[in-house]
Amino acid sequence: MYIEAVPNRISPPAVLLRESYRAGGKIKKRTLLNLSGWSPVLVEGLRALLKGATVLPPGQDAITIKRSLPHGHVAAVLGTVRRIGLDRVLGPAGNRCRDLVVAMIVARLIAPVSKLATAKALDPATAGSSLGTVLGLAEVDEDELYTALDWLLERQPQVETALARRHLENGTLVLYDVSSSYLEGRCCPLAQRGYCRDRKRGKLQIVYGLLCAPNGCPVAIEVFEGSTGDPMTLAAQIDKVKRRFGLSHVVLVGDRGMITQARIEDDIKPANLDWITALRAPAIHALLDAGAFQLSLFDERDLASITSDDYPGERLIVCRNPDLAVARRRKREDLLAATERDLSAIQRAVRRARDPLRGAAEIGLRAGAVVGKYKMAKHFALSIANTDFSFARKQNAIDAEMRLDGIYVIRTSLTARVLDDTASVRAYKSLAQVERAIRSIKTVDLQIRPIFHWAAPRVRAHVCLCMLAYYVEWHMRQRLAPMLYDDDNKQAAEALRTSIVAKAQRSASAVAKQTFGTTPDGLPVHSLHSLFADLATLAQNTVITALDASCEFILHTRPTAIQQKAFDLLGINPASCTQ
C-alpha cells in the first residue's frame, strides 16, 4: 500500500490510499480509500507508517536528554593525566583507591573544593560533572576519599621517585623553595605558630618544601611543622635526593634565606653537593667595605665575577640592575615619607596644648608601632621623654644602604668552566618557576588552603595531592601556551633581553596576545581557569529515544573552534578522554 496524490485540474489534488497488485502478468493498482479529507499531518503520519517508520503522537519527543553534565574540562584534564602516564605512576589499573586519587587530582584542577564537596560532585546522584561517570566510580562518599588519601600517602615515596627518574639526573640543577599555609582548627600536631606568609593572625600553620626540576616541573613535596625555619628543611631534601632518588651529585638552587653558611657547612658539603644561592645584604656590605669589589666596576657593565677569602673555593658574581636600583630608592623614599607622616602625628599629639600625650612608655609604644609597621627603625633616631618626642632621619645609614641599591651577589661552588657567570645567574633566577608553582598551589589555581584536615597524615596527603595536580597543570600549560596568556616563544623573549641581569622580556607574540586578546588565528586568548570554564560547556548528554525508553546512550555536544583547538593541542579525544 502507498499514498498517491492525483492532480484534479483546478481543484486540490485527490489524496488516495492505493494498493498495487499483479493480474495477467501486468501490474495494476486499485484505490482503497480517499484521504482527501484528512489533515496533512495525518496523511504524512500514515505515509511514514506504510514505509515502516514509527510515528509519535503529538507532544512526544523522538529523542529525550535525561541528563546533561559538563564534560570538556574533565576530558582535557583526565586525558592529560593519562597521556603523561600519571595514573600508571600512581598504581595499577582496576585499583579503586587509585581511581579515586585520580578523580581528586582532576577535581582539584577543575573545582578545588573540600573532600565532602568533591565526593558529592563525583556521586552519580549529585554529580557536578562527568568525572565520576567517565571513571566508572559509581557511588562515592567522603570516607572513601579519606581512605584513598591514606593510600596515596603510603605511595608518595614511590610516586616521587618515579617522577624524579623522569625529570632529574646526576649533575642537574634541583630547585627548592619553601612556603607555608594556615590550617583551620587546633588539633593537628603539625599545626604550629611560625612566620606566616598568608598574613593570617592567630592561625596555626604548616610549612612545606617543594623540589622542582630545572624547568620548574614539580618532583616532590614534604610537609614540616609550622614552626620549622626554612633552612632546617634542607637536610631532609638532601637525604631524599641522595638516598631515595639515588642521585650522587646535583646542584641545589635555593634563595639566600634557605642555603645559609650553617647549612652549607653542616648539610651540603658533607653530602658532596654543589649549590647556587645569594648573599644577604650585611654580607654584601662587608664585601664592599673590605674592598672585594668597587662600585666603579659597574660604570660600564652589570655583572662581575670576584673571589673573597671569606668564601674559599667559591665564586661570587656581583650583579647590578639599574631598574631595580630605581625601584628600591623609590620604595625606600615612600616608606620614609610614610613613617615621617605618622611620627609627626605622634609629635603633634605630644606637643598639643589640650590633653597632650604623656608618658615615655606610651609615646614609645606608639612610635615603635609606626617604625615597625614600615620597617624603618634602622633609618630613624627617636628621642622620647615624658613630655616631649622628636625624631630625625639617620642620613648616613640611608646613604650607606643606598650605595647597594640594585646590587645582589650570586654565590656558587661551581667553577666558571662548569657553569659560567651568565648561566649561574640564570640558574638562580630560575627559582621564579618554583615560586610560580607555589603560588599556583596556594592561591591561583589549586587552592591548597584553607586546610580542614586534623590528622597529620591527611594533611600530608592533601599537600601531596595538590603537588600532583600542579604536575598535571604544568604539562597542560606547556601544550596550551599558544592559546593562553603564557609566553609560548621563550627563545624570542630571551633574545630581547639585553643582559641576564636585566628584567625579563616577553616575546612579541605574547605582547600581541595580551594587547589584543586574540591569538594569531583570531581566537580569544584565555587564562587556564577561563579556558576550563569554556571547555565545561561541552556537555556529556545521556539520551533516550521514543522507540525504547529503557535504552540509554551517550551523546557529546560538538566542540566549538576554541574547544577543538584546545583538544588538538593536548592531543585529547573528548569522547573517550584518551590520547
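This passage describes the two largest pockets, one helix and several salt bridges of a predicted model.

The structure is a predicted model in which local features need pLDDT of at least 70 and side-chain atom pairs count only at pLDDT 80 or more, whereas totals for chains, interfaces and linings use all residues. Residues are numbered from 1 along each chain as its sequence is written, and side-chain values use heavy atoms, with hydrogens and water left out.

Pockets were sought on a 1 Å grid over the protein atoms alone, a pocket being an open set of points where a 1.4 Å probe fits, with protein on both sides within 12 Å along at least five of seven lines, and lining residues being those with an atom within 4 Å of a point. Grid points are joined across faces, edges and corners, and a volume is the space filled by probe spheres set on the points. The largest pocket holds about 1700 Å³ of space, and among its 44 lining residues K429, A432, Q433, K490 and A504 lie nearest the centre. Two or more lining residues come from each of α11 (322–351), β14 (407–412), α14 (421–429), α15 (431–444), α16 (456–480) and α17 (490–495), where helices (H or I, at least four residues) and strands (E, at least two) are DSSP runs numbered from the N terminus. By composition the lining comprises 19 nonpolar, seven polar and 18 charged residues, with Ala, Val, Leu, Ile, Met, Phe, Trp, Tyr, Cys and Pro counted as nonpolar, Asp, Glu, Lys and Arg as charged, and the others, Gly among them, as polar.

The second largest pocket has a volume of about 840 Å³ and is lined by 21 residues, of which R256, A281, R328, K378 and E401 are the closest to its centre. Here α10 (281–289), α11 and β14 each supply two or more residues, and α11 gives the most, with five. Nine nonpolar, three polar and nine charged residues make up this lining.

Within α10, I284, L287 and L288 are buried, that is, under 20% relative accessible area, as against exposed at over 50% and partly exposed in between (1.4 Å probe, protein chains only). These three residues lie on the same side of α10 because they cover an arc of only 100° around the axis, the arc being that of the directions from the helix axis to the C-beta atoms. The face turned away from this buried side carries the exposed residues P282 and D289, while the buried residues of α10 pack against β11 (315–320), α13 (395–403) and β14, contact meaning heavy atoms within 4.5 Å. G291, which follows α10, has a positive phi near 80°.

Across the whole structure, 39 salt bridges are found, each defined by a side-chain nitrogen of Lys or Arg within 4 Å of a carboxyl oxygen of Asp or Glu. One of them joins the side chains of R332 and D405 (2.5 Å, N to O), and thereby helix α11 and the loop between α13 and β14, the two residues being 73 residues apart; both R332 and D405 are buried. A further salt bridge pairs K378 with E401 (2.9 Å, N to O), linking the loop between α12 (360–374) and β12 to helix α13 across 23 residues. E401 has 21% relative accessibility and therefore counts as partly exposed. Salt bridges that share partners join R329, R332, K378, E401 and D405 into one network.
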